[in-house]
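Please open the structure in the viewer and keep the selection tool at hand. The tour below proceeds stop by stop, stating what to select and what is found there.

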Amino acid sequence: MAEERKIIVLLGPPGCGKGTQARLIAKALSIPQISTGDMLRDERSAGTELGRRSSVFMDKGELVPDELILDMVKFRIQKGDCAGGFILDGFPRTLAQATALDETLESLDLRLWRVLYFDVPDAEIIERITGRFSCVLCGKIYHVTFNPPPTKDNCECGGFLLQRPDDSVAVVTERLRVYMESTAPVIGYYEGRGRFTKILGGGKAIEEVNRQVMDVLR
Ligand code: AMP
């Protein structure tokens, strides 16, 4: 019988609120948020080979090839802080990644606990992404209108706020196209298998979305 750790997958288009909710869940359940996007950005900042190879795809809004992502995730989920579970934020993003995740979990005698899909209407997505900024120090995410920072340029921790280069209107359009083509089919993959919940994120405040999320994770 596979061990029941709190292994959670968050699905949804860019800007649907996965990152913000992942941070809240991580705090509430004391399990780590594993964001493949953050990991790749860290690799890039550290100037590693993986960071250099991934940047080419990230800057264009394309997906980084599966083989670069899979080893990174497999290694990360076996670290000590994942003993009680973990939140996958931004992974899996292709059907091949979803099946590879199943195989990896099975080989470790683990299974998924919950899959949450954040449903947000297309019209809202561009406005959400192009208005978001995150703190270079603590990673907290703000939005100019929906979740404004204490001052224009700084986080509550004092860190400087920056817009991600791939949150520009031009790159976002490509990211949404890639999402529809490669990631949206992953929803169907999980939908038919139970432990799947659709969270209604459209037009809702962070706290309201978090209430829906925590109801499922109780
Ligand atoms: P995110 O921060 O999740 O929006 O990811 C930023 C970028 O990192 C994406 O647009 C992709 O280029 C890359 N990326 C992140 N996660 C994955 C993944 N699971 N598979 C492929 N590329 C990814």
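Begin by selecting Leu162, which is placed in strand E7 (residues 161-162); strands (E, at least two residues) and helices (H or I, at least four) are DSSP runs numbered from the N terminus. The model is predicted, so local features need pLDDT of at least 70 and side-chain atom pairs count only at pLDDT 80 or more, while totals for chains, interfaces and linings use all residues. Residues are numbered from 1 along each chain as its sequence is written, and side-chain values use heavy atoms, with hydrogens and water left out.

Is Leu162 buried or exposed? Leu162 counts as partly exposed because its relative accessibility is 44%; buried means under 20% relative accessible area, exposed over 50%, and partly exposed in between (1.4 Å probe, protein chains only). Add Val136, Leu137 and Phe160 to the selection: with Leu162 they make a nonpolar surface patch of about 410 Å². Such a patch is made of residues with over 30% relative accessible area and no salt bridge, nonpolar side chains (Val, Leu, Ile, Met, Phe, Trp, Tyr) being joined within 5 Å.

Next, turn to the salt bridges, each a side-chain nitrogen of Lys or Arg within 4 Å of a carboxyl oxygen of Asp or Glu. By this rule the count comes to 16.

Select Glu124 and Arg128, whose closest N and O atoms are 3.1 Å apart in a salt bridge. Both residues are buried. They are separated by about one helical turn because they stand four residues apart in helix H6 (residues 122-130).

Move to helix H7 (residues 169-191), where Arg177 and Glu174 lie three residues apart. Their salt bridge has its closest N and O atoms 2.9 Å apart. Arg177 also forms a salt bridge with Glu181, at 3.0 Å between the closest N and O atoms. Glu181 counts as exposed, at 55% relative accessibility. Then select Arg132, Arg164, Asp166, Asp167 and Arg175, which salt bridges with shared partners join into one network.

Finally, select the ligand. Which residues come nearest to the ligand? Of the 16 residues around it (a heavy atom within 4 Å), Thr36, Arg41, Glu62, Gly90 and Gln97 come nearest. Helix H2 (residues 36-45) gives the most to this shell, with four residues.

Among the contacts to display, an N or O atom in the side chain of Gln97 is 2.9 Å from a nitrogen atom of the ligand. A backbone N or O atom of Val64 lies 3.0 Å from a ligand nitrogen atom.

Methods: A polar contact is a pair of N or O atoms within 3.5 Å; within protein, one must be able to donate a hydrogen and the other to accept it, and residues adjacent in sequence count only if both atoms are side-chain atoms. Patches are made of residues with over 30% relative accessible area and no salt bridge: like charges are joined within 9 Å, nonpolar side chains (Val, Leu, Ile, Met, Phe, Trp, Tyr) within 5 Å. Accessible areas come from the Shrake-Rupley method with a 1.4 Å probe; for residues, only the protein chains shown count as cover.
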